[in-house]
Amino acid sequence: MLRNLTAFIAGGLFGAGLLVSGMTDTTKVQGWLDIFGDWDPTLAFVLGGAILPMIVAWNVAARRARSVLGSPLPEKPGSQIDRNLMIGSLMFGAGWGLVGLCPGPAMASISWGGVGGAVFLLSMFAGMYVAPAFKIRFNRMAEAIS
Amino acid sequence: MPDPDNNEAGPVAMQTGNTDMPMDWIWGLVGGLMIGSAAAFYLLVNGRVMGASGIVGGLVDRTGWSTWTERLTFVAGLALVPAVLKPFFEAPVSTNITDNVPAIVLAGLLVGVGTRMANGCTSGHGVCGISRFSLRGIAATIFYLFAGGLAVIVFRHLFGSI
């Protein structure tokens with residue numbers, strides 16, 4: 001029960017941070033990606049500001065065996081940069097740039113995002129739903145070619 | 001980086017309560033620190049990586065069904081808290097999303113499939129990955145920034161829309 005409350009708090013603080021930083025505004029995200037236009041530096045400050053507390057947190061986590069609520073802490077992921085990471089990130093980036101929303105801000109802005117925001121979320125959920133099957137098919141195809 | 005000699009971006013703009021462009025980077029930094037604190041809290045208290053696509057994706061494809069309550073309450077906080085806070089903002093808050101529906105559908109599908117294939121998005125790979133100097137996180141961030149920049153350039157400057 002307690003971990004549901006702390007998850008709510010974490011999600012809430014994440015959402016509040018997205019709202020305060022302006023990252024729920026698609027024009028600010030696209031303005032940062034648009035290096036040939038009227039460049040908006042905000043996103044760099046958001047990412048930089050978010051990384052700072054997390055550097056501290058990872059260092060604290062490295063010295064602990066378990067989280068405060070007793071879960072094992074996440075292991076360090078492998079370092080292999082594989083096809084899925086590359087192609088997936090390129091696809092994600094293309095969608096992100098096209099409309100200016102990524103999963104966090106899309107959910108944080110659901111209450112004022114209107115029809116456009118809802119259509120984006122539903123499409124994103126549909127994408128997530130078909131992703132495992134797409135991944136298998138894509139890799140089979142890629143292996144057949146190479 | 002802000003120009004230190006540019007008064008508009010400095011304390012003068014702050015004192016006059018100017019909420020236009022020059023102040024945005026300060027709010028970006030404050031909001032960023034809040035996002036990072038949320039991720040730090042979720043890591044150290046719940047023992048989880050705060051990746052938006054992973055948390056919600058595990059609900060959608062049911063791979064994370066064993067921890068569904070924790071995921072759902074996270075998403076509830078993420079959606080509800082900004083809804084409650086929004087009326088207290090002086091400046092109008094809008095997503096300014098395009099009204100091009102096919103573009104929105106295509107973007108949503110790409111974001112959904114792409115983040116699940118790559119196992120992370122801006123929060124998981126960007127915030128949580130870079131901060132632990134994970135090669136995968138850094139590589140993913142380079143790839144999605146490259147594709148994002150390319151998409152904006154192609155659609156804004158070549159097609160002149162979106």
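# Chat about a two-chain model

Reader: Let's start with chain A. How much accessible surface does chain A have, and what share belongs to carbon and sulfur atoms?

Author: About 6600 Å² is accessible on chain A, and carbon and sulfur atoms account for 68% of that. Keep in mind that this is a predicted model.

Reader: Noted. What's the secondary structure of chain A?

Author: Chain A has 6 helices and 0 strands. Along the sequence that reads α-α-α-α-α-α.

Reader: And what box do the C-alpha atoms of chain A fill?

Author: Roughly 45 × 40 × 30 Å, taken along the principal axes.

Reader: How many residues does chain A have, and what percentage is buried?

Author: There are 146 residues in chain A, with 55% of them buried. As for contacts between residues at least 6 apart in the sequence of chain A, 49% link residues at least 24 apart.

Reader: Pick a helix for me. How many residues of α2 in chain A are buried?

Author: Helix α2 of chain A covers residues 26-33, and 7 of its 8 residues are buried. Among them are K28(A), Q30(A) and W32(A); T26(A), V29(A), G31(A) and L33(A) are on the buried list too.

Reader: What covers the buried residues of α2(A)?

Author: Both chains contribute. The cover includes α3 (42-62) and α4 (83-99) from chain A, plus α2 and α7 from chain B.

Reader: OK, on to the interface. How many residues of each chain are in contact, and what's the buried area?

Author: 105 residues of chain A contact 103 residues of chain B. About 9200 Å² is buried between the two chains, and 78% of that comes from carbon and sulfur atoms. On the chain B side, the residues losing the most area to chain A are M117(B), R132(B) and R136(B), which together make up 9% of what that side buries.

Reader: What about polar stuff, how many salt bridges and polar contacts run between chain B and chain A?

Author: The rule finds 4 salt bridges across the interface. One pairs the side chain of R136(B) with that of D82(A), at 3.6 Å from N to O. There are also 24 residue pairs in polar contact between the chains, counting pairs with both residues at pLDDT 80 or more.

Reader: Which helices of chain B supply the side that touches chain A?

Author: α2 (24-46), α3 (52-60), α4 (68-85), α5 (101-117), α6 (122-130) and α7 (135-158) of chain B each supply at least two residues. The largest share is from α2(B), with 22 residues.

Reader: Switching to T115(B): where is it, and is it buried or exposed?

Author: T115(B) sits in helix α5 of chain B. T115(B) counts as buried because its relative accessibility is 0%, under the 20% cut-off.

Reader: What does the T115(B) side chain reach, and what else is T115(B) in contact with?

Author: The side chain reaches the backbone oxygen of G112(B) at 3.3 Å. Leaving aside neighbours within four places in sequence, T115(B) contacts G88(A), F92(A), P103(A) and M128(A) in chain A. In chain B, the partners are S53(B), L110(B), G120(B) and C121(B).

Reader: Last one, the surface. Which residues form a nonpolar patch there?

Author: L2(A), L5(A) and I9(A) do, with about 280 Å² of accessible area together. L2(A) lies in helix α1 of chain A, residues 2-21.

Reader: Why does L2(A) count as exposed?

Author: Because its relative accessible area is 52%, and exposed means over 50%.

Note on methods
Residues are numbered from 1 along each chain as its sequence is written. Chains are lettered from A and ligands numbered from 1 in the order in which they are written. This is a predicted model: local features need pLDDT of at least 70, side-chain atom pairs count only at pLDDT 80 or more; totals for chains, interfaces and linings use all residues. Side-chain values use heavy atoms; hydrogens and water are left out. Patches are made of residues with over 30% relative accessible area and no salt bridge: like charges are joined within 9 Å, nonpolar side chains (Val, Leu, Ile, Met, Phe, Trp, Tyr) within 5 Å. Accessible areas come from the Shrake-Rupley method with a 1.4 Å probe; for residues, only the protein chains shown count as cover. Helices (H or I, at least four residues) and strands (E, at least two) are DSSP runs, numbered from the N terminus. Buried means under 20% relative accessible area, exposed over 50%, partly exposed in between (1.4 Å probe, protein chains only). Contact means heavy atoms within 4.5 Å. Buried area is the accessible area (1.4 Å probe) that two parts lose on being put together, summed over both. A polar contact is a pair of N or O atoms within 3.5 Å; within protein, one must be able to donate a hydrogen and the other to accept it, and residues adjacent in sequence count only if both atoms are side-chain atoms.
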